[in-house]
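Colleague: I am new to this structure and would like a close look at a single part of it. Could you take me through the salt bridges, please?

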Amino acid sequence: MLPLRSVDLREAVNSQNYPFNLRFLQGWQTLEFGAPVTFFVGENGSGKSTLLEAIALAADMITVGSLPVSQDSSLEAVRPLAQALKLAWNKRVRRGFFLRSEDFLGWVRAEQRSRAGMQDELEDLDREFDGRSDYARALASGPLRGQLAGMQHRYGNGLETRSHGESFIDLFQERFRPEGLYLLDEPEVPLSPLRQLSLLSLLKGMVAQGAQFIIATHSPILMAYPEAEILSFDGAQLDRLQFDELEHVKLTRDFLANPEAFLQHL
């Protein structure tokens, strides 16, 4: 059973202001989720990321970023849409997270600061307990050492020591949980084609454990996930399309089959 069953508007759109002027909202119909993996696709500016952000706000999602959704000023313009959304749940969950690819580095830096802060606290405790029993020192420093050990176990010496793509996959491997809801905005950005296939493998494993994914993407590799629902934002309403019908897929195939035909016009 999917955690999130549907998304609807509380009332008809009647505004020419962003984000309500986005084309896909003009012919809005209840968005029912019928598959564990749903892709939002369309050209830049079509609104796929906007709707994903609004769902994250409406669901008060945990974020992988430097700020929670409630405090993120970059989401201010989307908040009116989030307030207008009505989410229907099969099972309300707190497992999962919302991730925009551009926020990831901010989250890595926040993890760095947290780790450095705990290291500084440990050094202060060592000085404070200098000359006292090992038991007293261990009792005082135990929680901090436990947290640092957990971070070391999950992320090694730090995600900043890995390439962007490698750290993305590391994060997904550590943070994906069964029966969670995951909203991912263009997760392919730092990933090579091989790493995108690794992400598909992770999705398959988590779907088998009841997780749900809603992903905004431009990647034909990700869109090829078997039996995914693909929603196009390029029309006056959301259209369900098959993989072979997607303009992204057709264009990529045509380019790879004959790149010279495209490049000669540059």
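Modeller: Gladly; here is a walk through the salt bridges, followed by the core beside them in the list of topics.

This is a predicted model, in which local features need pLDDT of at least 70, side-chain atom pairs count only at pLDDT 80 or more, and totals for chains, interfaces and linings use all residues. Residues are numbered from 1 along each chain as its sequence is written, and side-chain values use heavy atoms, with hydrogens and water left out.

Side chains of opposite charge can pair when their charged atoms come close. The structure holds six salt bridges, a salt bridge being a side-chain nitrogen of Lys or Arg within 4 Å of a carboxyl oxygen of Asp or Glu.

Let us start with glutamate 53, which forms one with arginine 100; their closest N and O atoms are 3.2 Å apart. Glutamate 53 lies in helix α2 and arginine 100 in strand β5 (residues 96-100), so the pair ties together parts that are 47 residues apart in sequence. Helices (H or I, at least four residues) and strands (E, at least two) are DSSP runs, numbered from the N terminus. Glutamate 53 counts as buried at 11% relative accessibility, and arginine 100 is buried too, with a relative accessible area of 4%. Here buried means under 20% relative accessible area, exposed over 50%, and partly exposed in between (1.4 Å probe, protein chains only). Asp72 joins in as well: Glu53, Asp72 and Arg100 are linked in a network of salt bridges.

Next come arginine 79 and glutamate 76, whose side chains meet in a salt bridge at 2.8 Å, N to O. Arginine 79 counts as buried at 16% relative accessibility, whereas glutamate 76 is partly exposed, with 42%.

Another salt bridge joins the side chains of glutamate 229 and arginine 240 (3.4 Å, N to O). This pair links distant parts of the chain, with glutamate 229 in strand β8 (residues 229-232) and arginine 240 in strand β9 (residues 239-241), eleven residues apart. Glutamate 229 counts as buried at 17% relative accessibility, while arginine 240 is partly exposed at 48%.

Helix α2 is worth a second look. The largest nonpolar core has 38 residues, and those with the most contacts inside it are Phe40 and Leu51. Such a core is a set of buried Ala, Val, Leu, Ile, Met, Phe, Trp, Tyr and Cys residues joined through side-chain atoms within 4.5 Å. Helix α2 gives the most to this core, with six residues.
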